[in-house]
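Q: I would like to learn how to read the features of a protein model step by step. Could we begin with the idea of a contact and go on from there?

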Amino acid sequence: MKGISQVTAPTLAIDVDDCDGDTALDVGETATVHATIGNTGAGDLGPVTVTLASSTPGLTIKTAPIVIASLPPYGSMPVTFTVTLGSG
């Protein structure tokens, strides 16, 4: 049996290292993006490469793609990416 890789959106969270207190990612600030990758299948799944991408001008993803060697059946693994916003 094969597993199915899926990002579980309800666990997506973004923490902004906010220098001005407005909770928005502004130029020069950094944010952490948290997501959970889940295996909804009945078999082991792997390896899985998780990549964060954005089409937002000036947004730089600082974290390289994350490789998850194996996810057990119905298992999940949290992943974290760091992003910064430049003047782009």
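A: Two residues are in contact when heavy atoms of the one lie within 4.5 Å of heavy atoms of the other. This model is predicted, and among its contacts between residues at least 6 apart in sequence, 60% join residues at least 24 apart.

Q: Which secondary structure elements does the protein have, and in what pattern do they follow one another along the sequence?

A: The protein has seven strands and zero helices, so that, by the DSSP runs used to assign these elements, the pattern read along the sequence is β-β-β-β-β-β-β.

Q: How do I read the pairing of β3 with other strands?

A: Pairing is read from the bridges between two strands, together with the sense in which they run. Here β3 pairs with strand β2 (residues 13-17) in the antiparallel sense over five bridges, and T30 of β3 is the bridge partner of D17. With β7, β3 also pairs in the antiparallel sense, over nine bridges, and one of the bridge partnerships there is that of V33 with F81 in β7.

Q: Is β3 mostly covered or mostly open?

A: A residue counts as buried when its relative accessible area is under 20%. In β3, eight of the ten residues are buried, and the strand is described as mostly covered, while in the protein as a whole buried residues make up 26% of the 88 residues.

Q: Why might buried nonpolar residues be found together, and which residues form the largest nonpolar core?

A: In soluble globular proteins, nonpolar side chains tend to be buried together. The largest nonpolar core in this model has twelve residues, namely A31, V33, A35, I37, L45, V48, V50, I68, L71, V79, F81 and V83. At least two residues of this core come from each of β3 (30-39), β4 (48-50) and β7 (76-85), and β3 gives the most, with four. As for a single member, V79 touches V33, H34, A35, I37, V50, I66 and I68, when residues up to four places away in sequence are not counted.

Q: Why does G86 count as partly exposed, and what does this residue touch?

A: G86, which lies in the segment after β7, counts as partly exposed because its relative accessibility is 29%, a value in between the limits of 20% and 50%. Leaving aside residues up to four places away in sequence, G86 touches V27 and G58. The C-alpha atoms of G86 and G58 are separated by 4.6 Å, although these residues are 28 residues apart along the chain.

Conventions: Residues numbered from 1 in each chain as written. Predicted model: local features only at pLDDT ≥ 70, side-chain atom pairs only at ≥ 80, totals over all residues. Heavy atoms only, no water. Core = buried A, V, L, I, M, F, W, Y, C linked by side-chain atoms within 4.5 Å. Buried < 20%, exposed > 50% of the residue type's maximum accessible area, 1.4 Å probe, protein only.
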